[in-house]
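Could you walk me through this model in the viewer, one selection at a time? I would like to know what to pick next and what I will find there.

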Amino acid sequence: MQRLNLTAMTSWITAAALQRPDDLASLVMERTGASRASALKALRRLVAMQWLQRSGSRQRPVYAPGLLRQVVKRYPLAGLSEDLPWSRDFAPNFALTPAVGRMLQHAFQELLNNAIDHSEGTAVTMSVRQTPTQVQLLVSDDGRGLFDRVRESFDIDDPMHAMLELSKGKLTSAPDRHTGRGLFFTSQLADVFDLHANGSAFQRRGWDGPGWRSGRPLPRQGTSIYLAIALDTRRTLDSVLDAWSCDGSGVAFDRTSVSLRLLAGSNIALDSRAQARRVVARLQQFRRAEVDFDGVHDIGHGFADELFRVFAQSHPGVQIVPTNMSGRVAALVNAVHAGTA
């Protein structure tokens, strides 16, 4: 008896169960070339693994998607529109609350649009998986890689500095067609967000505030972004949009956060005015910028003066708000504000 690859089958069995619920064994035979006995055995195992549910009689079984669901599709990028894959191939196959479904749709279409407009690749793979506790999205293109694009467009060679700019939002290499909101808000929607490109990786965890950390990169060409959203989250698309608008309306994107962990390291102190200028670059586009000192225990006088006096005086319309300061950092920041540093 032929043994079917169940892992490979999970990429299409959800859609197949909805397409032919009362004739699923025949569909499996058509797709795999397996015998009926092998197809039925595979379906029994998928039921036991919770990829399928079975009802009906022994002679006439009826199948439906289980608690585990997945759809994986690969698309040529040329001429692709980001709305059709979601509405045609993905949305009908998942059981999500309206709020989670809306967030997933937003993330799916934003990340796919980025691959279409910016990757310069030939194809993209879209994968959505639903488990009993979360929904997961993986978007992988075969293009030039996100950080190579940033390097060319903005002359930023260091991926860490590139991520610092991307994390602020409003960074786009095509300002005539984009506003730089997509990656920022997509990352804020997720409980888990991982970005891999050009031999570098960065991750954000929703329970860890807005900050970013370095991660372990995937050895592959192009850009890969993975995110997960808890099915019981209280987060909504509107609440995320509202959080980054100073008036709470969600209309303007005039508030941001800068994670200093992307500049500081075990052997790198935040001591120079040049580092501070990287922190405040483009912040004049916002009305409020929170500077997150989480993980930074000490800074130099020049860094603090450039950030909290020089920039603040030249941009009075931008409110710089330090957060998560250690006692030493807070003392120096207060001294700068008081003019005694």
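Here is a tour of the pockets, the cavity and two helix pairs. Keep in mind as you go that this is a predicted model.

**Stop 1: the largest pocket**

Start by selecting N114, H118, L146, L171 and L183. Among the 35 residues that line the largest pocket, these five are the closest to its centre. The pocket has a volume of about 600 Å³.

Now colour by secondary structure. The elements that give two or more residues to this lining are α6, β5 (134-141), α7 (146-154), α9 (182-189) and β9 (223-230). Which element gives the most? That is α6, with 7 residues.

If you switch to colouring by residue class, the lining of the largest pocket shows 13 nonpolar, 16 polar and 6 charged residues.

**Stop 2: helix α6 and its partner α5**

Stay with α6 for a moment, and select residues 98-118 for this helix together with residues 83-90 for α5. The two axes come within 8 Å and cross at roughly 135 degrees. At that angle α5 and α6 are therefore oblique to each other. The crossing of α5 past α6 is right-handed.

To see the contact itself, show side chains for D83, P85, W86 and F90 on the α5 side. They meet G101, L104, Q105, F108, Q109 and L112 on the α6 side. By class, this contact has 6 nonpolar, 3 polar and 1 charged residues.

**Stop 3: the second largest pocket**

Next, select L40, R58, Q59, P61 and Y63. Of the 14 residues lining the second largest pocket, these lie nearest its centre. The volume here is about 240 Å³.

Three elements each supply at least two residues of this lining: α3 (24-32), α4 (36-48) and β2 (61-65). The largest share comes from α4, with 3 residues.

How does the lining of the second largest pocket divide by class? Count 6 nonpolar, 1 polar and 7 charged residues.

**Stop 4: helices α3 and α4**

Two of the elements you have just coloured also make a helix pair, so to speak, of their own: α3 and α4 pack at an angle of about 115 degrees, with their axes 9 Å apart. They are therefore roughly perpendicular to each other. As you rotate the view, note that α3 passes α4 in a right-handed crossing.

For the contact, select L24, A25, S26, V28 and M29 in α3, which meet R36, A39, L40 and L43 in α4. Sorted by class, the contact of α3 with α4 has 7 nonpolar, 1 polar and 1 charged residues. You have met L40 already: this α4 residue touches α3, and L40 is also one of the residues nearest the centre of the second largest pocket.

**Stop 5: the cavity**

For the last stop, turn on a cavity display. How many cavities of 30 Å³ or more does the structure hold? There is 1, and about 30 Å³ of space lies in the largest cavity.

To frame this cavity, select its lining: H196, A197, N198, G199, S200, P217, L218, R220 and G222. By class, the selection contains 3 nonpolar, 5 polar and 1 charged residues.

Definitions and conventions: Residues are numbered from 1 along each chain as its sequence is written. This is a predicted model: local features need pLDDT of at least 70, side-chain atom pairs count only at pLDDT 80 or more; totals for chains, interfaces and linings use all residues. Side-chain values use heavy atoms; hydrogens and water are left out. On a 1 Å grid over the protein atoms alone, a cavity is a set of points where a 1.4 Å probe fits but cannot get out, and a pocket is an open set with protein on both sides within 12 Å along at least five of seven lines; lining residues have an atom within 4 Å of a point. Grid points are joined across faces, edges and corners, and a volume is the space filled by probe spheres set on the points. Ala, Val, Leu, Ile, Met, Phe, Trp, Tyr, Cys and Pro count as nonpolar, Asp, Glu, Lys and Arg as charged, and the others, Gly among them, as polar. Axes are lines fitted to C-alpha atoms, for helices over the stretch in contact, and angles run from 0 to 180 degrees between N-to-C directions. Helices (H or I, at least four residues) and strands (E, at least two) are DSSP runs, numbered from the N terminus. Angles under 35 degrees count as roughly parallel, over 145 as roughly antiparallel, 65 to 115 as roughly perpendicular and the rest as oblique. A crossing is left-handed if the near helix is turned anticlockwise from the far one by less than a right angle, and right-handed if clockwise. Contact means heavy atoms within 4.5 Å.
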